[in-house]
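Got your viewer open? Let's walk through this one stop by stop, with something to select at each.

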Amino acid sequence: MRIAERARMRPQEVFTSLCHRIDEDMLRIAFYQLKRDAAAGIDKKTWRQYKEALEDNLIDLHTRLVNNTYEAQMSRRVWLEKDDGRKRPIAIAVLEDKIVQRAEVMIYEAIYEQDFLPFSFAFRKGRNQHQALKYLRDQCIENRICWIVELDLKGYFDSIDRKALVEVIKQRVNDGGLLRLLEKHLKAGVVDKGRIEYSDTGVPQGGIISPMISNIFLHHVLDKWFESSVRPKGRCFIVRFADDINIGFELQSDVKLALSLIHKRLTEFKLTINQEKTRTVRFARPAATPQVTKPETFDFLGFTHYWGKTRKGWWTIKRRTAGKRFKRAKKSMWEWLRSNRKKPLPDQHEILCSKLRGHYNYYGVRCNYEMLEYLRRFTLRAWLRWLRRRTSKHGLNWQKFVALMEKFPLPAPRISVSWA
């Protein structure tokens, strides 16, 4: 019986013999699932270099796994800037650790994909942000939701209690070999600017196995518990994408009680609600009388949600690009044009088109066309600005630029996401 089918048919079964399934064939599959151009770890070995002697490398790696002599190496830390100006640490593991982690994820996926609930959308095959957005909109309308809680967990990935995480996994996967591998990945240090660091809490952001185990943890701590234990008087729903969580309530009286229960539950697992970013929003359908307070807006997965009218005059929930995301997109476009203004025009045009199409593919939802057009116009003005800076003579005026754009046109905005 296959693992996934067995997990689906026996939801209470604890799997105790799985590690032996990580053989050379699975390691080979895991290797080819890795990104070819991903950044290298501290050993500087790339995917293509490893592939040159792939079979010998996999035999050696499998032998070390079987003999229990495999050791996870330290990761290399890089810092990525966030929307609020702060920086997020990303751990880049060496290639062999990525292969082993990917093989572990394949086993965990087969089991936990049968357990994860429908309102969890992150790090799951066949699920994405747009499906989470559609789910949230449908739930708000169908359940006549009047209040939205934007729940933010303070430093979730860095504050996961590792002992609690292992105990949660043991409830479904109590295989000594897999658990030892997991602990090796968690205990491996990171190198940050030549300094070696170790941590007793959290999971390394950027690790291949981190999204899966963090998803398993929140599934146990929040998802399954919320569905079985939270019993509000009115209708409610929860939608989660990783640690981005929104909860909707029909009645205001349920909000305070539910938040109290959630706070108590999270405290049991040493997680903390970020009070500064967690907020409650009144989001009821607008009333016919203008005296009633207008509903507020809230953000989820890069979109601001608000009530607006259709062409026929009906109230509906609409979306537009969130302010922070739009500001980040403009900043990214401006910085790229500034840094690459001396590139040949065909090269600039090709990359700009790729950037805009990527933006349209995600933000191209109904009612958001205007924001897409704003970005395209901003890109045109920024392009003109930096093309002029290529020379001190300022020979490129608007008329010449328009003629140039006929040869190198930027793609027009398009609605690419269907909610059907």
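**Stop 1: a loop with an unusual backbone**

Start by selecting L301, which sits in the loop between β9 (298-300) and β10. Keep in mind as you look that this is a predicted model. Check the backbone here: L301 has a positive phi of about 55 degrees, although it is not a glycine. Is L301 buried or exposed? L301 counts as buried because its relative accessible area is 8%, and the cut-off for buried is under 20%.

**Stop 2: into the strand**

Now move along to T304, in strand β10 (residues 303-309). T304 is buried too, as its relative accessibility is 7%. Which side chain does the T304 side chain make a polar contact with? Show D299: the two side chains make a polar contact at 2.6 Å.

Next, display what surrounds T304. Leaving out residues up to four places away in sequence, T304 touches T297, F298 and D299. On the same terms, T304 also touches the run K318, R319, R320, T321, A322 and G323.

**Stop 3: another positive phi, in another loop**

Jump to K193, in the loop between β4 (190-192) and β5 (195-197). K193 is not a glycine either, yet it has a positive phi of about 55 degrees. Where L301 is buried at 8%, K193 counts as exposed because its relative accessibility is 79%; the cut-off for exposed is over 50%.

**Stop 4: zoom out**

Pull back to take in the whole chain. The C-alpha trace spans about 70 × 60 × 40 Å along its principal axes. Colour by secondary structure and you should find 15 helices and 11 strands. Of the 420 residues, 47% count as buried. How many of the contacts between residues at least 6 apart in sequence join residues at least 24 apart? The share is 70%.

**Stop 5: the nonpolar cores**

Select I22, I99, Y108, I169, F217, I247 and I262. These are the residues with the most contacts inside the largest nonpolar core, which has 73 residues. Which helix supplies the largest share of this core? Highlight α5 (residues 95-112): 11 of the core residues come from there.

Stay with Y108 for a moment and show its neighbours. Setting aside those within four places in sequence, Y108 is in contact with E113, I169, V173, L178, L182, I209, M212 and I216. Apart from this core lies another one, of 49 residues. To find that other core, select L136, F237, F298 and L356, which are among its residues. You have already met F298, as one of the residues that T304 touches.

**Stop 6: the second largest pocket**

Keep α5 highlighted and turn on a surface. The second largest pocket holds about 530 Å³ of space. Its lining has 21 residues, and those closest to the pocket centre are K35, A38, K98, G206 and I208. Here α5 turns up again, giving the largest share of the lining, 4 residues. Both β2 (87-92) and α5 supply at least two lining residues each. Colour the lining by residue type and you get 11 nonpolar, 5 polar and 5 charged.

**Stop 7: the cavity**

How many cavities of 30 Å³ or more does a search of the whole structure find? The search finds 1, and the largest cavity has a volume of about 130 Å³. To get there, select S75, A93, Q101, H185 and P204, the closest to the cavity centre of the 17 lining residues. The elements that give two or more residues to this lining are α5, α9 (176-187) and α10 (210-229). By type, the cavity lining divides into 9 nonpolar, 7 polar and 1 charged.

**Stop 8: finish at the histidine**

Centre on H185, in helix α9. H185 counts as buried because its relative accessible area is 7%. Then show E104: its side chain makes a polar contact with the side chain of H185, at 2.6 Å.

Last, bring up the wider surroundings of H185. Not counting residues up to four places away in sequence, H185 touches Y70, A72, D97, V100, Q101 and E104. Of these, Q101 is another residue listed as closest to the centre of the cavity.

How values were computed:
Residues numbered from 1 in each chain as written. Predicted model: local features only at pLDDT ≥ 70, side-chain atom pairs only at ≥ 80, totals over all residues. Heavy atoms only, no water. Core = buried A, V, L, I, M, F, W, Y, C linked by side-chain atoms within 4.5 Å. Buried < 20%, exposed > 50% of the residue type's maximum accessible area, 1.4 Å probe, protein only. Contact = heavy atoms within 4.5 Å. Polar contact = N/O pair within 3.5 Å; in protein donor to acceptor, adjacent residues only side chain to side chain. 1 Å grid on protein atoms, 1.4 Å probe; cavity = no way out; pocket = protein on both sides within 12 Å on 5 of 7 lines; lining within 4 Å. Points joined across faces, edges and corners; volume = space filled by probe spheres on them. Nonpolar A, V, L, I, M, F, W, Y, C, P; charged D, E, K, R; others polar.
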